[in-house]
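This briefing concerns the structure displayed below. It takes up strand pairing, the packing of helices on sheets, and the setting of one loop residue.

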Amino acid sequence: MATPLSDPSQSPLQTVAVVGLGTMGTGIAEVLAKAGRTVIGIDISEAQAAKCVAALEASTARGVERGRLTEQERAEILGRVRTSADLRTAADADLVVEVAPESYEVKQQIFRELDGIVRPETILATGTNALSVTRLAAESSRPERVLGLHFFNPAPAMKLVEVVSSVLTAPAAVTAVTDLALDLGKEPVAVGDRPGFVADGLLFGYLNQAAAMYEAKYASREDIDAAMRLGCGLPMGPLALLDLIGVDTARTVLDAMYAESRDRLHAPAPILKQLSEAGLTGRKAGRGFYTYEAPGSAVVVRDALTPPEGGDLAPGREIRSVGVAGSGTMASGIAEVFAKAGYEVVLAARSAEKAQTAKARIGKSLSRSVDKGRMTAEAAAETLDRITATGTYDDFAGVDLAVEAVAEDLEVKRQLFAALDKVCKPGAILATTTSSLPVVACARATSRPQDVIGMHFFNPAPAMKLVEVVRTVLTADDVHATVREVCGRIRKHPVDCGDRAGFIVNALLFPYLNNAIKMVQEHYATLDDIDAAMKLGGGYPMGPFELLDVVGLDVSLAIEKVLHREFRDPGLAPAPLLEHLVAAGCLGRKTGRGFREYAKR
């Protein structure tokens, strides 16, 4: 049951007024009432106030049904909430939380009126995620007692609360509100006043880039969303998330961010304006990037942009045997994936010893699968028997598909493709697993560029479901069709993208990581607060600095440089702090120190 985490009578913030009883205001009122606070819900619409009460009644009833509340506790919670259409009912509040529409005019009017209503010691908090808290505070008669208190939707479930200070905010007000957030069972992070704060400041830049990628027809909405869910472990794809947030809301936040940063990455993609002005604002309208069953529904229905069932790909080529070039973790992982799916695999490295070491790594991986009950010992033995380890690429002579997984160095890859061109039979498909280099450069190293394609697996290949299928302008239709079919057979989810830096995942992921580094570099927020904000507020499996240290700061810097070189956007220039850490040899977990220090193994 949701009881107070500490004695609310010890808090100076006993009575809280919530101004604006939409979805967010209703959620905040519920959180406060469950934590023992007296709540005054205020909305100019009596119908909206009634809707808030009905939502609280329904929510607490579900709590009783699920055994989280008793009937008495439910009655007490509901008894702590009263609603009104009159702002003067906030006179007794210790704290006022304003969650009115994102408009300076609306919010300033509320704050001006509150100045003449509440006691001098009352704290005024704005729930904005896009507007300047400083600007709102400056126009108040009590700027030292104005701050931001940014909950995330749905407020009862989301743990993160951003406590936003302006240069005018008194430390005592920040402490009181931070203590309240802890009493509510939330995890507060302290941030300064700039549009988007931490979580939305990082999130909306990423969402904007995804919208621009879709608008440029680089990839389909389904593939962009699947790529970020499966490639990064995110709970939702960016375009589906924009529909949930509201396309118009996203445009408002980005406008505010761009007005301050003048960073082109924050300039709202034109498609956001087009959809907003057409009334296609997402789920709430029944249509945004996707079409929904009804306004407010989460159920996506087919529309004119939905890909046809089964696709409309040309007939493919027959693939029975696969060659994997390389001896590292990625090469052995890919060889394991193909062998598990029943393909005969030739695993070739620069020496027979390296190839045997790679095969032994696969054997250990299969043994772990047996130990965990994921496959039988017999199936593991059969899988390993399908893999032939060799120290020469000459043994690729009979393979139908050759997959290159060597070092991320263009000259090394070009030399390998020139060698494969000579060795592999006519009609064999040659694939590169590059994550950042031009696939067409590998294709041009051969006499058969039409047979070359990108197959970007994600690490660890046996576990990660995503494969980015990268066509060049020279790739044949049947080669593309074959690789998509093969992805299905090895139980991977293929997404189509063109041959440009970063493809889908890295082109969206690394600018977000770079922006996180810039926040720390500018002393805007701490590593821990940024990581917590993205995990708790954005549902990310890892915070940006945890992820950077896992990926490797040198690898991250190389990808950032490729993106900056390709797109020539100043906002994509690698953060100097990242370059300094790499120059110092602080590369992440692999060296024991990156953004954080790690115990030596």
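In this predicted model, strand 7 (residues 160–165) and strand 8 pair in the parallel sense over 6 bridges. Within this pairing, Val-164 has Val-191 of strand 8 as its bridge partner. Helix 19 (residues 527–538) packs on the sheet and touches strand 7 and strand 8; the direction of helix 19 makes about 125 degrees with that of strand 8.

**Sheet with strands 1 to 8**

- The sheet is open and has 8 strands in the order 3-2-1-4-5-6-7-8, with mixed pairing.
- Strand 3 (81–84) and strand 8 (187–192) stand at the edges; each has a single partner strand, so one side of each is left without a neighbour in the sheet.
- From one strand to the next, the twist averages 25 degrees.
- Helix 4 (residues 104–115) also packs on the sheet, where it touches strand 1 (15–19), strand 4 (95–98), strand 5 (123–126) and strand 6 (146–151).
- The direction of helix 4 makes about 170 degrees with that of strand 5.

**Sheet with strands 11 to 18**

- Another open sheet is formed by 8 strands in the order 13-12-11-14-15-16-17-18, and its pairing is mixed.
- Its edges are strand 13 (387–390) and strand 18 (493–498); because each has a single partner strand, one side of each is left without a neighbour in the sheet.
- On average, neighbouring strands of this sheet are turned by 25 degrees against each other, direction ignored.
- Strand 11 (residues 321–325) pairs with strand 12 (residues 344–348) in the parallel sense over 5 bridges.
- Gly-323 stands opposite Val-346 in strand 12.
- Helix 8 packs on the sheet and touches strand 17 (466–471) and strand 18; its direction makes about 125 degrees with that of strand 18.

**Setting of Ala-219**

- Ala-219 lies in the loop between helix 7 (199–215) and helix 8 (221–232).
- Ala-219 counts as buried because its relative accessibility is 8%, against a cut-off of under 20%.
- Leaving aside neighbours within four places in sequence, Ala-219 is in contact with Met-213, Tyr-214, Ile-224, Asp-496 and Ile-504.
- Ala-219 and Phe-503 are 284 residues apart in sequence, while their C-alpha atoms are 9.3 Å apart in space.

How values were computed
Residues are numbered from 1 along each chain as its sequence is written. This is a predicted model: local features need pLDDT of at least 70, side-chain atom pairs count only at pLDDT 80 or more; totals for chains, interfaces and linings use all residues. Side-chain values use heavy atoms; hydrogens and water are left out. Helices (H or I, at least four residues) and strands (E, at least two) are DSSP runs, numbered from the N terminus. Buried means under 20% relative accessible area, exposed over 50%, partly exposed in between (1.4 Å probe, protein chains only). Contact means heavy atoms within 4.5 Å. Two strands pair if DSSP finds at least two bridges between them. Axes are lines fitted to C-alpha atoms, for helices over the stretch in contact, and angles run from 0 to 180 degrees between N-to-C directions.
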